[in-house]
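Colleague: Could you walk me through the reasoning behind some of the labels for this structure? I would like to see each value set beside its cut-off.

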Amino acid sequence: MKRFAYRIRIELEDYLFFASMEKGKVAETAPLIHNYALAYALSWAISPYYQEKQAPGYEKQLKPLNEEGVYIFPASPLEVTHRLMQYNTTSEPLWMMRPQSLGYPNWGFIKCLRPGSRFETYALSHNPLSFPPRIRLGKWMSQARLEVEEVALERGTGKSSPIMVNVQDLPRLPATFTSMYNLLPTRLVKEAEWGEAVEGYRIKKMEGQQVEEEFLPESAFWWR
């Protein structure tokens, strides 16, 4: 059971790019941050520097975090702006020949997130946690600043949650949701609702002068 909750705000200090979807020659970055990416960025999970075979190891690398009693949800956008950049890796020799293509594009466009874009997420833990002031994210290891606030937490149940959740990490699938992102290796959904109340936690946070309450469903890395 989790005993501590942290509200985390993430502000980009550099352009952030990860290819969440490709539309022709455009590789687009979705306006969110996957919770598995955050687990690696916080150094909770470690991937080997060198891999002889390119194969994902999420289950092996993330599941030990469940025994440590820590979890972080995907980060939802608070304020996001994009910028379109062009890349070109075409060689410029005097004599050109076209070998068989390996399927890698040598030119195209990247739609990345601008500095100043902000996100919010929650981390839960069994023991008190400390967070670094900055982390690095995405293909370019872009720097992002963290603002962390501990919030009140109590065990509870609920039929809906306004935050973004990872379907792979839920013990029970939601019946409905308002939006879904197919991001490898899992799917993320927002504003999920369940037909019956599910176990989770209720947090209380300050919004201006008012105290607001949100329900966070029980989750664990690579539950399903």
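**From values to labels**

Modeller: Gladly. Let's start in strand 7, where Gly108 is the bridge partner of Tyr87. Please keep in mind that this is a predicted model.

Colleague: What makes strand 6 and strand 7 a pair?

Modeller: Two strands pair if there are at least two bridges between them. Strand 6 (residues 82–88) and strand 7 have 7 bridges, in the antiparallel sense, so they pass the test of at least two bridges. Strand 7 (residues 107–113) also pairs with strand 3 (residues 26–28), in the parallel sense and over 3 bridges. There, Ile110 of strand 7 stands opposite Ala27.

Colleague: On to the rings. Why is the pair of Tyr40 and Tyr58 called edge-to-face?

Modeller: The ring centres are 6.4 Å apart, and a pair needs them within 6.5 Å. The planes stand at 70°, and over 60 degrees counts as edge-to-face, so that label follows. Tyr40 belongs to helix 1 (residues 35–41) and Tyr58 to helix 2 (residues 58–62), with their positions 18 residues apart in the chain.

Colleague: And what makes Tyr58 and Trp222 a stacked pair?

Modeller: The centres of Tyr58 and Trp222 are again 6.4 Å apart, but the planes are at 15°. Planes under 30 degrees apart count as stacked, so the pair is stacked. Trp222 sits in the segment after strand 13 (210–217) and Tyr58 in helix 2, so this pair ties together parts 164 residues apart in sequence. Tyr58 and Trp222 also belong to one aromatic cluster, whose members include Tyr36, Tyr71 and Phe221. The structure holds 10 aromatic pairs.

Colleague: How do you know whether Tyr58 and Trp222 are buried or exposed?

Modeller: Buried means under 20% relative accessible area. Trp222 has 16%, so it is buried. Tyr58 has 28%, which lies between the 20% and 50% limits, so Tyr58 is partly exposed.

Colleague: How do you know that Arg155 lies over the face of Tyr201?

Modeller: Arg155 is at 4.8 Å from the ring centre of Tyr201, and the distance limit is 6 Å. The label also needs an angle within 35 degrees of the ring normal.

Colleague: Now the charges. Why is the contact of Arg7 with Glu149 called a salt bridge?

Modeller: The closest N and O atoms of Arg7 and Glu149 are 3.6 Å apart, and the definition asks for within 4 Å, so the contact qualifies. Arg7 is in strand 1 (residues 4–12) and Glu149 in strand 10 (residues 142–166), 142 residues apart. Arg7, at 5% relative accessibility, counts as buried, while Glu149, at 32%, counts as partly exposed.

Colleague: What makes Arg9 and Glu120 a salt bridge?

Modeller: Their N to O distance is 2.8 Å, which is within 4 Å, so this is a salt bridge. Arg9 lies in strand 1 and Glu120 in strand 8 (residues 118–125), so the contact ties together parts 111 residues apart in sequence. Arg7, Arg9, Glu120 and Glu149 are linked in a network of salt bridges that also includes Lys205.

Colleague: One last pair: why does Lys23 count as exposed, and Glu28 as buried?

Modeller: Lys23 has 51% relative accessibility, and exposed means over 50%, so Lys23 is exposed. Glu28 has 14%, under the 20% limit, so Glu28 is buried. The side chains of Lys23 and Glu28 meet in a salt bridge at 3.4 Å, N to O, and a search of the whole structure finds 18 salt bridges.

Key: Residues are numbered from 1 along each chain as its sequence is written. This is a predicted model: local features need pLDDT of at least 70, side-chain atom pairs count only at pLDDT 80 or more; totals for chains, interfaces and linings use all residues. Side-chain values use heavy atoms; hydrogens and water are left out. Rings of Phe, Tyr and Trp (its six-membered ring) pair if their centres lie within 6.5 Å; planes under 30 degrees apart count as stacked, over 60 as edge-to-face and the rest as tilted. Helices (H or I, at least four residues) and strands (E, at least two) are DSSP runs, numbered from the N terminus. Buried means under 20% relative accessible area, exposed over 50%, partly exposed in between (1.4 Å probe, protein chains only).
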